[in-house]
Amino acid sequence: MAEEKENKSIDQISIELIEKAAKDGVNTAFDRAETMKPCPIGSVGSCCKHCGMGPCRVPLPKGKEETPEEKQKRRGVCGATAETIAARNFIRMVAGGAAAHSDHGRGVAELFLAVARGKAPGYEIRDEQKLMQVALDWGIEIGDRSNQEIATDIGEKALEEFGKQEGELITLRKAPLKRQEVWRKQGVTPRGIDREIVEIMHRTHIGVDQDYKSLLQQGVRASIGDGWGGSMIATELQDILFGTPAPVLGQVNLGVLKKDEVNIIIHGHEPLLSEMIVAVAQEPEMIELAKSKGANGINLSGMCCTANEILMRHGVPIAGNFLQQELAIVTGAVDAMVVDVQCIMQSIQTVAECYHTKIITTSPKAKIQGAVHIEFNEHDALKSAREIVKTAIENFSNRKGNIYIPDQQTDQIAGFSHETINYLLGGLFRASYRPLNDNIINGRIRGVAGVVGCNNARVKHNEGHVTMVKELIKNDVLVITTGCNAIACAEAGLMVPEAAKEFAGEGLAEVCEAVGIPPVLHMGSCVDNSRILIAATAMVKDGGLGDDISDLPVAGAAPEWMSEKAISIGQYFVASGVYTVFGVTWPTTGSKEVTDYLFKDFEDMYGGMWAFEPDPIKAAQLMIAHIDKKRKALGIDEARERVLYDMEMRRELE
Ligand code: SF4
Ligand code: MSK
């Protein structure tokens, strides 16, 4: 029995809480993953339910070679082939993911505009330098105009990008020129963020686009509109409003909960409300109210990407990643879990009913039956935040006594925005990626990997993330990370500078030690994958490593992916020229043609392609092999032979 629980997570704290859930008779995702087996036809993309004549299932015949005649007949009622069905399913996943990120971006842009117009009390422009930078990037006049005027133009322009009908997204200009040309040549330059998503829904309706290559190209187009459009707008405007992240010390894992304080967990993705909750929880009246109810204070922590957002900007501790959301409630010590959008399990309400926790939904787009709904109103955000915090405080005295908080948490350094990396590497006056490029060229750093994405209850919690990342850094590959991978790495102690000595290869460890950074750099939340694109572009611009992202010795991965957003992210990594490996399962294996197109043909078209490898060590080795291939093409493969750091070089770097 104990062994069974240990198979569910590599994290001891999670194992203890999975055991507590079992003792308390609480059903969690870990249990449901055992009883609910994935459909073998749907999981490979071979089931279509796009019309009332289906669902139609077109699985590959088992155990025998299919004749061309049999393949001809293996179609849906409307005649759709297995290729069309797999491609349609795949790009509908891209549409779902791109829509989620981009609607997040739209929400930020709306708030941004309201702040610029003075209609969102409580918010302000915190990063003036970034405001100017974005104005310059978007061609908005600065002159002697006020911040408010400039911000109004930026907000209006940002919102236009969603509904734009023709031309090119303004944010694509951030990409290397050669990459922009690749997109034009392939005909996948997005016109408007919403338009490309809607077009996927149109093309995948019965009887429209029935050429898998044409379908997959539209998937690429919408994904670029996500990474270089909606997500990038979200990140840029959030930085202006809430501050661009800088290195900050924080703690992680369920041990951050406090027995004697009101515990509020903020879960989801958008930092609009959570920023206000962070402010309100520090108000003396709120702390007094908590004390009057017998608590020693108010303890905020985050879950999933909201956690990453408020950690990066305020050092608020992280309670856990996707598969730990139910476990947090199982501690019996969470007085309120406040949720907005994305990656929120409906079952948190059922688990909460076994304890005393109040689930508070806040978005009109995301309600949960049985939960308390306190709607977030951006025009009176402080009022919403106060009502939420008060509701949590009032609930403190309802605790049932069945409390267990593991006595363990891990330190981490987060806040590695593109700007911070630039500054850390080059200093304030000559901020640049030059030292990174130089250390890649001289071979101390072999390459860079962006490892991101979710947890997936089909595999052992955090195992794929941590195993892959350890293998990469051991082989001198610097890892940059976001989302639930970042939380997994932090829980495993990989995000402190000392981790370089313990886990990284000699060359990478030397560089980390000289700069004072961990070997795994936390870049933020899911929308902040756009920071990875900007970092890759900065490497190109600094020179010496080719003239496009596809020339760089870099790779991407999502070893425990599960969400449609992860597919959209992977697709825009690939479209940006990055070799990208996913684990767990691959949603098009029902069609060899579709899979080959994504895994092979895309390399000729985009310089980056997809790969699937569920074993995290093998997946890391694939990434390293790709990095070495790129090093060879750049003529820097020999340089890896001489990894010696003398004192002069060290001083130069410092
Ligand atoms: Fe079947 Fe075609 Fe309808 Fe899909 S669209 S459910 S393949 S008939
Ligand atoms: S929260 S999309 S489970 S990374 Fe962004 Fe984690 Fe994946 Fe959600």
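Two strands pair if DSSP finds at least two bridges between them, and strands (E, at least two residues) are DSSP runs numbered from the N terminus. This is a predicted model, in which local features need pLDDT of at least 70, side-chain atom pairs count only at pLDDT 80 or more, and totals for chains, interfaces and linings use all residues. Residues are numbered from 1 along each chain as its sequence is written, ligands are numbered from 1 in the order in which they are written, and side-chain values use heavy atoms, with hydrogens and water left out.

**Exercise 1.** Find which residue in β14 stands opposite valine 448, and place the two strands in their sheet.

*Solution.*
- Step 1. The residue opposite valine 448 is valine 554 in β14.
- Step 2. β11 (residues 447–451) and β14 (residues 554–558) run parallel and share 4 bridges.
- Step 3. Both belong to an open sheet of 6 strands, ordered β13-β12-β11-β14-β15-β16, with parallel pairing.
- Step 4. β13 (520–524) and β16 (610–612) each have a single partner strand, so one side of each lacks a neighbour in the sheet.
- Step 5. On average, neighbouring strands here are turned by 25° against each other, direction ignored (axes are lines fitted to C-alpha atoms; angles run from 0 to 180 degrees between N-to-C directions).

**Exercise 2.** State what surrounds ligand 1, and explain why it lies between two domains.

*Solution.*
- Step 1. The surrounding residues (a heavy atom within 4 Å) include Cys48, Cys51, Cys56, Cys78 and Arg88.
- Step 2. This shell divides into 8 nonpolar, 3 polar and 1 charged (Ala, Val, Leu, Ile, Met, Phe, Trp, Tyr, Cys and Pro count as nonpolar, Asp, Glu, Lys and Arg as charged, the others, Gly among them, as polar).
- Step 3. Domain 1 (2–65) and domain 2 (82–242), with bounds from an automatic or database assignment, both give residues to the shell, so ligand 1 lies between them.

**Exercise 3.** Do the same for ligand 2.

*Solution.*
- Step 1. Among the surrounding residues are His269, Cys304, Cys343, Cys454, Cys526 and Lys565.
- Step 2. The shell around ligand 2 holds 8 nonpolar, 3 polar and 1 charged.
- Step 3. Domain 3 (254–398) and domain 4 (417–634) both contribute to this shell, so ligand 2 lies between them.

**Exercise 4.** Describe the peptide bond from glycine 54 to proline 55.

*Solution.*
- Step 1. Most peptide bonds are trans.
- Step 2. The bond from glycine 54 to proline 55 is cis, with omega near 0°.
- Step 3. Proline 55 is in the loop between β1 (47–48) and β2 (56–57).
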